[in-house]
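Student: Got a minute to go through this one with me? Let's start with what a term means.
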Amino acid sequence: DETTTLFQIWIETDRPGAKPSWGQREFPKSDRSGRFTVMASGEPGDGALPINADAKVLGATLKAGESLTYDLAEGRRAYLVPAVGEVEVNGEALNARDGAAIVDEAQVTITAKADAELVMVDSR
C-alpha cells in the first residue's frame, strides 16, 4: 500500500568472464546524512554490495543549504543523479532525476538547494 521508487543502475563489467548479478540491501538515510556512503563496490573490503567493475556506487543525503565535496582520483570520472531534490554541482544546477557526467575534475562539490538524495558512480 506504499508508493516506492526504484532506482536501477547498470554498470558494465571490466572483468572478462564476470557473470551479471544483482543485489539489494537497505541503506538507511541516517547513515548517508551529509556524506557519501559506499553502497556497491568492486573492492571487497568496502563492505558494500559487490559489483564486477572498478567502480563504486555511492549515496548521500543533504539538507537544503548543506554542501559536500568528493575527491576524484586522477583518471576517474563520476556520474551523479539527484534522485530527489535540487542541487548545484560544481556551479551547475541539477533537478531531481537529472544526470551529470563529471570528467577531468579533481573535486566534485555539491550544494543542496532543497533537501536532496544523491546517487553517484565513481569509475575508471
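Tutor: Sure. Contact means heavy atoms within 4.5 Å. Keep in mind that this is a predicted model.

Student: Which residues does Ser 41 touch, leaving out those up to four places away in sequence?
Tutor: Asp 46, Ala 48, Leu 49, Pro 50, Ile 51, Ala 55 and Lys 56. Ser 41 itself sits in strand 1, residues 37-41.

Student: Is Ser 41 buried or exposed?
Tutor: Buried, because its relative accessibility is 4% and the cut-off for buried is under 20%.

Student: New topic. What is the strand order in the open sheet?
Tutor: 4-9-6-7, with antiparallel pairing. Strand 4 (67-71) and strand 7 (92-94) are the edges; each has a single partner strand, so one side of each lacks a neighbour in the sheet. On average, neighbouring strands are turned by 25° against each other, direction ignored.

Student: How many bridges join strand 6 to strand 7?
Tutor: 3. In one of them, Glu 88 has Ala 93 in strand 7 as its bridge partner.

Student: Pockets now. What volume does the largest pocket have?
Tutor: About 1600 Å³. Of its 36 lining residues, Leu 6, Phe 7, Gln 8, Ile 9 and Gly 23 are the closest to the centre. The lining has 20 nonpolar, 8 polar and 8 charged residues. Strand 10 gives the largest share, 3 residues.

Student: And the second largest pocket, what is its volume?
Tutor: About 350 Å³. It has 19 lining residues, with Trp 10, Ile 11, Tyr 79, Val 121 and Ser 123 nearest its centre. Here strand 5 supplies the largest share, 4 residues.

Student: How does that lining split by class?
Tutor: 12 nonpolar, 2 polar and 5 charged.

Note on methods. Residues are numbered from 1 along each chain as its sequence is written. This is a predicted model: local features need pLDDT of at least 70, side-chain atom pairs count only at pLDDT 80 or more; totals for chains, interfaces and linings use all residues. Side-chain values use heavy atoms; hydrogens and water are left out. Two strands pair if DSSP finds at least two bridges between them. Helices (H or I, at least four residues) and strands (E, at least two) are DSSP runs, numbered from the N terminus. Axes are lines fitted to C-alpha atoms, for helices over the stretch in contact, and angles run from 0 to 180 degrees between N-to-C directions. Buried means under 20% relative accessible area, exposed over 50%, partly exposed in between (1.4 Å probe, protein chains only). On a 1 Å grid over the protein atoms alone, a cavity is a set of points where a 1.4 Å probe fits but cannot get out, and a pocket is an open set with protein on both sides within 12 Å along at least five of seven lines; lining residues have an atom within 4 Å of a point. Grid points are joined across faces, edges and corners, and a volume is the space filled by probe spheres set on the points. Ala, Val, Leu, Ile, Met, Phe, Trp, Tyr, Cys and Pro count as nonpolar, Asp, Glu, Lys and Arg as charged, and the others, Gly among them, as polar.
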